[in-house]
Amino acid sequence: AEKDKIWIFNPRVGKSPRGLPPDHHCYHMIMDDVTESRKLFIAKNTEQKPPTSLTAKEKSVPKIYTPLNELEIGKIVDIYGVVKFFKPPRQTRGTEKTSFVRIVDDTDSDGLKCSLFHKDENWLPQIYRVGDIIRIHRLKIQMFDGELQGMYGPGASSLVVDGRLGRDIKPRTASSTFTFDDLDEEKIENLRLWAS
């Protein structure tokens with residue numbers, strides 16, 4: 001609300017993907033997974049002081065992942081899915097690399113098409129085979145050719161793990177700040193069982 005105060009502990013700053021002044025700022029704050037080192041605090045009145053430390057409960061806010069059958073146009077979501085089809089990264093006509101993947105989950109066997117773009121190929125999903133399990137944070141949902149499609153939103157990131165039962169869970173990602181916990185492992189095991 002107006003006049004609320006915001007404190008951000010240990011923020012991460014990156015170049016803005018939206019352009020240059022006067023229309024946009026050169027840099028933006030990247031608020032990715034809630035970790036022990038990065039936390040947003042909002043004071044609901046001007047007299048409230050920022051916390052001097054964070055409680056264990058504040059440090060471990062679980063991530064909410066959107067099932068594929070609940071996606072809406074214009075939303076930016078975090079999702080998990082099983083790779084049904086993919087094309088390896090390739091160069092676009094411009095300066096970016098692109099990767100195409102269709103993912104499914106236990107709520108939607110038709111799945112979601114994702115066309116992902118990034119200047120650095122390492123930041124595209126490192127998919128080795130159909131059946132791999134992919135997690136994408138900050139995926140923007142839009143309509144294209146009459147069906148929903150996912151694209152990287154600002155600050156998007158992804159990781160991929162082997163989708164085969166019994167294999168080690170070793171995330172493949174270019175991010176050095178990603179979080180991965182017991183809830184992620186549980187989600188992956190459930191998707192492995194569903195897809196097997």
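**Close-up views of a predicted model**

**Figure 1. D145 occupies the loop that links β8 to β9.** The model shown in this and the following views is predicted. Although D145 is not a glycine, the phi angle of D145 is positive, with a value near 50°. With a relative accessible area of 69%, D145 lies over the 50% cut-off and is therefore classed as exposed. The two strands on either side of this loop are β8, spanning 133–144, and β9, spanning 147–161.

**Figure 2. R138, a residue of strand β8, also has a positive phi.** The phi angle of R138 is about 65°, and R138 is not a glycine. R138 belongs to a strand, whereas D145 belongs to a loop. The two residues also fall into separate exposure classes: R138 is buried, at 13% relative accessibility, while D145 is exposed, at 69%. The value for R138 is under the 20% limit, which is why R138 counts as buried.

**Figure 3. The overall fold provides the setting for the close-ups, with 2 helices and 9 strands.** From the N terminus to the C terminus, the elements follow the order β-β-β-β-α-β-β-β-β-β-α. The protein has 196 residues, of which 35% are buried. Taking contacts between residues at least 6 apart in sequence, 56% of them connect residues at least 24 apart.

**Figure 4. The largest nonpolar core contains 19 residues.** I79, I103, L112, L116 and L139 have the most contacts inside this core. At least two core residues come from each of β5 (76–91), β6 (97–105), β7 (108–118), β8 (133–144) and β9 (147–161). Strand β8 makes the greatest contribution to the core, with 4 residues. A second core, separate from this one, has 9 residues, including Y65, V82, L159 and L191. In soluble globular proteins, nonpolar side chains tend to be buried together.

**Figure 5. I103 is a buried residue of strand β6.** The relative accessibility of I103 is 0%, so I103 counts as buried. Beyond its neighbours within four places in sequence, I103 contacts L68, I79, G81, V82, V83, K84, G111, L112, C114 and I134. Two of these partners, I79 and L112, are listed together with I103 among the residues with the most contacts inside the largest core. I134 lies 31 residues from I103 along the chain, and their C-alpha atoms are 8.1 Å apart.

**Figure 6. L116 and T98 are joined by a polar contact.** A polar atom of the T98 side chain lies 3.2 Å from the backbone oxygen of L116. T98 is located in strand β6 and is buried, with 8% relative accessibility. Apart from residues up to four places away in sequence, T98 touches P88, P89, R90, T92, L116, F117 and L124. With the same sequence neighbours set aside, the partners of L116 include K97, T98, S99 and V101. Further contacts of L116 are made with L124, P125, I136, L139, G150, M151 and Y152. L124 thus appears among the contacts of both T98 and L116.

**Figure 7. V82 of strand β5 is one of the residues in the second core.** V82 has a relative accessible area of 5%, so V82 is buried. Residues more than four places away in sequence that touch V82 are R102, I103, V104, G131, D132, I133, L191, W194 and A195. L191 is, like V82, included in the second core. Although V82 and D132 are 50 residues apart in sequence, their C-alpha atoms are 5.9 Å apart in space.

**Figure 8. Q149 is a buried residue of strand β9.** The relative accessible area of Q149 is 7%, which places Q149 in the buried class. When neighbours within four places in sequence are excluded, Q149 is in contact with L112, K113, S115, K140, I141, Q142 and F144. Of these partners, L112 is one of the residues with the most contacts inside the largest core.

**Figure 9. The structure holds 1 cavity of 30 Å³ or more.** The volume of the largest cavity is about 30 Å³. N122, W123, L124, Q126, S157, S158, T173, A174 and S175 line this cavity. The lining comprises 3 nonpolar and 6 polar residues, and no charged residues. L124, one of the lining residues, is also a contact of T98.

Conventions: Residues are numbered from 1 along each chain as its sequence is written. This is a predicted model: local features need pLDDT of at least 70, side-chain atom pairs count only at pLDDT 80 or more; totals for chains, interfaces and linings use all residues. Side-chain values use heavy atoms; hydrogens and water are left out. On a 1 Å grid over the protein atoms alone, a cavity is a set of points where a 1.4 Å probe fits but cannot get out, and a pocket is an open set with protein on both sides within 12 Å along at least five of seven lines; lining residues have an atom within 4 Å of a point. Grid points are joined across faces, edges and corners, and a volume is the space filled by probe spheres set on the points. Ala, Val, Leu, Ile, Met, Phe, Trp, Tyr, Cys and Pro count as nonpolar, Asp, Glu, Lys and Arg as charged, and the others, Gly among them, as polar. A nonpolar core is a set of buried Ala, Val, Leu, Ile, Met, Phe, Trp, Tyr and Cys residues joined through side-chain atoms within 4.5 Å. Buried means under 20% relative accessible area, exposed over 50%, partly exposed in between (1.4 Å probe, protein chains only). Contact means heavy atoms within 4.5 Å. A polar contact is a pair of N or O atoms within 3.5 Å; within protein, one must be able to donate a hydrogen and the other to accept it, and residues adjacent in sequence count only if both atoms are side-chain atoms.
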